[in-house]
Amino acid sequence: MSVHCMAKYFLDSEARALLMRLAQLRPFSLTMPMVPSAAISHAAQNAIENHMIIVHTKLRSSVDKFIQWLQSPEGRNAPAEEAQRRFCTLKLSFNNVLTHFDIFADVISQRSEHGTGVWIAGLDNLATDALQLPGNFFKPPPVVCYVDRGIGAAIRRVKTRLPGGSENPVAIIRVPRERLVGYGIASSLVHEVGHQASALLDLVNSIKPELQERQLRAGPEKFAWMLFERWISEILADFWSVAKVGITASMGLIGVVSLPRVFVFRLDTEDPHPMPFLRVMISCAIGQAMYPHPQWTQLAALWSAMYPFSGLEQDKIKIIKTIQAQIPDLVKILLNHCPKTLMGHSLRSIMEVEQRRPEKLMYYFYSWKSMPHRMREVSPTLAFAVIGQARTSGKLTAEIESKILSNMLTYWAANSAVPTSDNYNKKIIYSKLLIGEQL
């Protein structure tokens, strides 16, 4: 057999082997190992399965066409180099499909972990609720969560590009395992949801012209507004978190950015994340503007006490103070911003401000002490806001908080798994969950 014929035979065999390996990627609906309460939502499962069917079918068609080309007169006469080039393109596409499969498998396979799998399903409910807005400003996409090592969360937003160029069909949020289970998980998760909401509302592009205008009118503080423009994506996500879960967001943020001083005061003009010291100050300023209360000033003072300016260079102190002095104006622009996507509404007006005021949150908490079942009647973000407010106010220990939130995550997961019409089974299941019994 000539080298030319050997090359065609080899590549034909490799292409057929690739088809066999492709056939081993079974639908997730046939391989999901979790209990029903830990499963992803039907909307998310359908979106993922449909996506995998599309990329699977497209790749299989490409491989079939390649094999047909090899057997055609054109393919038989083509140089081995040309055949190899075409096969390499197919192999890269195959690896992209495997990457897609692994991305979704990471989300789904964790659901089999005892306890943790159900908690993750509960976090799906929390994320879905955090994406809701009164009014039809956008159609919320399916959201799924998974846990991973590390201290920070991250999101792969819907419609962002997956390897190979196809669009991601669901929003995938990675949350740090070290935050399970406490109010800090809500802070990180809702911040990532804020990135998805910001993209759906096109907030970054909408608000940047206002920040650029301030730069044009600014004097010595121009540098601060240049940084605000650089940081605006993260600031908008922090705004979303504070708006949805109150001081829980700022306390959780402190838990993430409590690092050695060199990192807390690190100013990198290329980093889209604000300097950690200033980021906490911005979060507290957003909270004070939305939900006026002495707690925000106290929290900012606590943060300053933990990271005093002593030991810093005078030039850096001057820069930090200049930026800090502009934060109130930044927050005013942020809360009053009216993007076209909100049809005349401001960012502040679309949030349920009255329900998240500290006094209102504590009212819920005290009412739940005598009627813990009432916890089940509020949205997941409001429940986390109440529990976080209570712990911040010293009315709840970390141990009890963890037990309550664990039960609440289990409740939301079970609630999603049982049909809404099956009230009898719901009563049986929920009677086993001693939610809030030790408030």
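1. Let me start with the pairing of β2 and β3. Strand β2 (residues 154-156) is joined to β3 by three bridges, and the two run antiparallel. One pair you can look up right away is A154, which stands opposite R174 in β3. Bear in mind throughout that this is a predicted model.

2. On the β1 side, the pairing has the other sense. Strand β1 (residues 143-148) runs parallel to β3, and six bridges hold the two together. Two of the partners are worth clicking on: Y146 is bridged to R174 in β3, and D148 has P176 as its bridge partner in β3. R174 therefore turns up twice, facing A154 of β2 and Y146 of β1, given that a strand pair is called from DSSP bridges.

3. Put together, this gives an open sheet of three strands in the order β1-β3-β2, with mixed pairing. The edges are β1 and β2, each of which pairs on one side only. From one strand to the next, the twist averages 25°.

4. Next, what packs on the sheet? Helix α4 (residues 80-109) does, and it touches β1, β2 and β3. The direction of α4 makes about 80° with that of β1. Helix α5 (residues 116-130) packs on the sheet too, touching β1 and β3, and its direction makes about 135° with that of β1.

5. How covered is β3? Strand β3 (residues 171-176) is mostly covered, with five of its six residues buried.

6. Now the loop between β2 and β3, which is where you will find K159. The backbone there deserves a second look: K159 has a positive phi of about 70°, although it is not a glycine. Most residues other than glycine have a negative phi. As for its surroundings, K159 counts as exposed because its relative accessibility is 59%, and the cut-off for that label is over 50%.

7. There is a second case of this kind further along. M343 is not a glycine either, yet it has a positive phi of about 50°. M343 sits in the loop between α13 and α14 (353-356). With a relative accessible area of 57%, M343 is exposed.

8. On to charges. Side chains of opposite charge can pair when their charged atoms come close. How many salt bridges does the structure hold? The count is twelve. I went through a few of them in the points below.

9. D329 forms a salt bridge with R214, and the closest N and O atoms are 3.5 Å apart. This pair links distant parts of the chain: D329 is in helix α13 (residues 314-336), R214 is in helix α7 (residues 203-217), and the two positions lie 115 residues apart in numbering. The two ends differ in cover: D329 is partly exposed, with a relative accessible area of 28%, whereas R214 counts as buried because its relative accessibility is 17%, the limit for buried being under 20%.

10. D238 and R279 make another salt bridge, with the closest N and O atoms 2.8 Å apart. D238 lies in helix α8 and R279 in helix α11 (residues 276-290), so the pair ties together parts that are 41 residues apart in sequence. Are these residues buried or exposed? Both D238 and R279 are buried.

11. A third salt bridge runs between E377 and R374, where the closest N and O atoms are 2.8 Å apart. E377 is exposed, at 53% relative accessible area, while R374 is partly exposed, at 33%. Beyond single pairs, there is also a network: E82, R85 and R86 are joined into one by salt bridges that share partners.

12. Last, a spot on the surface. Which residues form the nonpolar patch? They are F223, M226 and I319, with about 240 Å² of accessible area together. F223 belongs to helix α8 (residues 222-245). F223 counts as partly exposed because its relative accessibility is 34%. That value also clears the bar for patches, since their residues need over 30% relative accessible area.

Conventions:
Residues numbered from 1 in each chain as written. Heavy atoms only, no water. Patch = residues over 30% accessible without salt bridge, like charges linked within 9 Å, V, L, I, M, F, W, Y side chains within 5 Å. Areas by Shrake-Rupley, 256 points an atom, 1.4 Å probe, with all protein chains shown as cover. Salt bridge = Lys/Arg side-chain N within 4 Å of Asp/Glu carboxyl O. Helix = DSSP H or I, 4+ residues; strand = E, 2+ residues; numbered from the N terminus. Buried < 20%, exposed > 50% of the residue type's maximum accessible area, 1.4 Å probe, protein only. Axes fitted to C-alpha atoms, helices over the stretch in contact; angles between N-to-C directions. Contact = heavy atoms within 4.5 Å.
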